[in-house]
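Got your viewer open? Grab the selection tool and follow along, one stop at a time.

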Amino acid sequence: MSGLNNSELHSVQADLVAVLVAVTGGQPRILTTGSGRALPAGPFTSNHRSLQASLRAWVEKQTHHPLGFVEQLYTFADRERSQQLGMHVISISYLALTQELDEVGAAQPGWQDWYRYFPWEDWRDGMPGVIAERIAPALNAWSEAASDSVARSARWQRASMTFGLDEHEWNEELVLQRYELLFEAGVVPEAWGEGDEARAAELLPGAAMSNDHRRILATGMARLRAKIKYRPVVFELMPEEFSLLQLQQTVEALAGRGLHKQNFRRLIEQQALVEETGQMTAVGAGRPAKLFRFRRNVMLERAIAGNKLPLARSH
């Protein structure tokens, strides 16, 4: 902002964009608007002492839910909206954790599975078919279209490392890098301009979003996938009492990875993150399962590194 003159300062609009995450029925969910095409967004007002206070008040009014963990993500310059409004628009994005269901257990409108937008990110049952069937061929064609052999090699190396191809390991945190690579290769809808409908068959599956909202969502997904490995924020997505299976399924939903059951439970016990409630619940047709709750002292100390919830690999 320091580089702007007075006339430019008057033409700057600051918007808040929220990546609101819940986990319902073992699925990661995000709150959307515009029939699923946008994230909740609105202008920042000076009625509150801080951006975060403004975001909390605005979101809680819309969702009727208090927010748990809230963290600023990034500040984006949304070129398309800037052009439409004739001013410089700064989008200040936040990641926040909340609940999808209201007090009587009814779903609120606007919630979507985040894998609807990023189907290649869900590895809970192994590599998604879309990677081998659509993404790898598309990225290979993009690599081959480079101007020379050095550029072709560099493109393919980037693609294989980012998408876990050619024996590279999949890194669940590279959500944004994968999306930006697909954007650069021109195979996601946001990379196409008006009049490109005839080429729609070349586009990958996965719902498009308005402006740069899918990029903002990718940033939020990556941040949360990293965060759950070293801060116990996942407990803010859980009910007051839960089974260890429910906890594991919540972590798997966010990470997009299957976890080894025994290793996961051993890690939970070692971290002393939970305590038994003394209650049991029936899980489907199986045996009753013990119910746990998040230890209160861990909640109080959650900002201190050391209370960790490592993400164990299933293989």
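Start by selecting residues 129-144, which make up helix α4. Its 16 residues, at 1.5 Å each, should span 22 Å, and the C-alpha atoms at its ends are indeed 22 Å apart, so expectation and model agree. That expected span is 1.5 Å times one less than the number of residues. Helices (H or I, at least four residues) and strands (E, at least two) are DSSP runs, numbered from the N terminus.

Before moving on, a word about what you're looking at. This is a predicted model, where local features need pLDDT of at least 70 and side-chain atom pairs count only at pLDDT 80 or more, while totals for chains, interfaces and linings use all residues. Residues are numbered from 1 along each chain as its sequence is written, and side-chain values use heavy atoms, with hydrogens and water left out.

**Stop 1: along α4**

Stay on α4 and click Ile 135: the helix bends there by about 35°. The bend is the angle between axes fitted to the seven residues ending at a residue and the seven starting there. Now look for a proline: Pro 137 follows within four residues.

Which residues of α4 are buried? Select Val 130, Ile 131, Ile 135, Ala 136, Leu 139, Trp 142 and Ser 143. Buried means under 20% relative accessible area, exposed means over 50%, and partly exposed is in between (1.4 Å probe, protein chains only). An α-helix has 3.6 residues a turn, so residues three or four places apart point the same way. Show α5 (149-163) and α6 (175-184) too, as the buried residues of α4 pack against them; contact here means heavy atoms within 4.5 Å.

**Stop 2: the loop after α5**

Next, pick Asp 166, in the loop between α5 and α6. Its phi is near 50°, a positive value in a residue other than glycine. Is Asp 166 buried or exposed? It counts as exposed, at 53% relative accessibility. Glu 167 lies in the loop between α5 and α6 as well, with a positive phi near 70°. Glu 167 is exposed too, at 86% relative accessibility.

**Stop 3: rings**

Time to show the aromatic side chains. How many aromatic pairs does the structure hold? Seven. Rings of Phe, Tyr and Trp (its six-membered ring) pair if their centres lie within 6.5 Å; planes under 30 degrees apart count as stacked, over 60 as edge-to-face and the rest as tilted.

Zoom in on Trp 114 and Tyr 115: their ring centres are 6.1 Å apart and their planes stand at 85°, so this pair is edge-to-face. Trp 114 is buried at 0% relative accessible area, and Tyr 115 is buried at 7%.

Now jump to Phe 235 and Phe 294, whose ring centres are 3.9 Å apart with planes at 5°, so they are stacked. Phe 235 lies in the loop between α7 (213-227) and α8 (244-255) and Phe 294 in strand β8 (residues 288-294), so the pair ties together parts 59 residues apart in sequence. Phe 235 is buried at 5% relative accessibility, and Phe 294 is buried at 12%.

Then select Phe 118, Trp 120 and Tyr 179, a cluster linked by ring pairs. Add Arg 214: its charged end sits over the ring of Phe 118, 5.7 Å from the centre. To count as sitting over a ring, NZ of Lys or CZ of Arg must be within 6 Å of the ring centre and within 35 degrees of the ring normal. For another example, find Arg 178, which lies over the face of Trp 170 at 3.6 Å from the ring centre.

**Stop 4: salt bridges**

Side chains of opposite charge can pair when their charged atoms come close. The structure holds 15 salt bridges, each a side-chain nitrogen of Lys or Arg within 4 Å of a carboxyl oxygen of Asp or Glu.

Select Lys 227 and Glu 71, which meet at 2.8 Å, N to O. Lys 227 is in helix α7 and Glu 71 in strand β4 (residues 70-77), so look for parts of the chain 156 residues apart. Both Lys 227 and Glu 71 are buried.

Move on to Arg 158 and Glu 184, another salt bridge, with the closest N and O atoms 2.8 Å apart. Here Arg 158 belongs to helix α5 and Glu 184 to helix α6, 26 residues apart. Arg 158 is partly exposed at 33% relative accessible area, and Glu 184 is partly exposed at 44%.

For the last selection, take Glu 172, Glu 173, Lys 229 and Arg 257, which are linked in a network of salt bridges.
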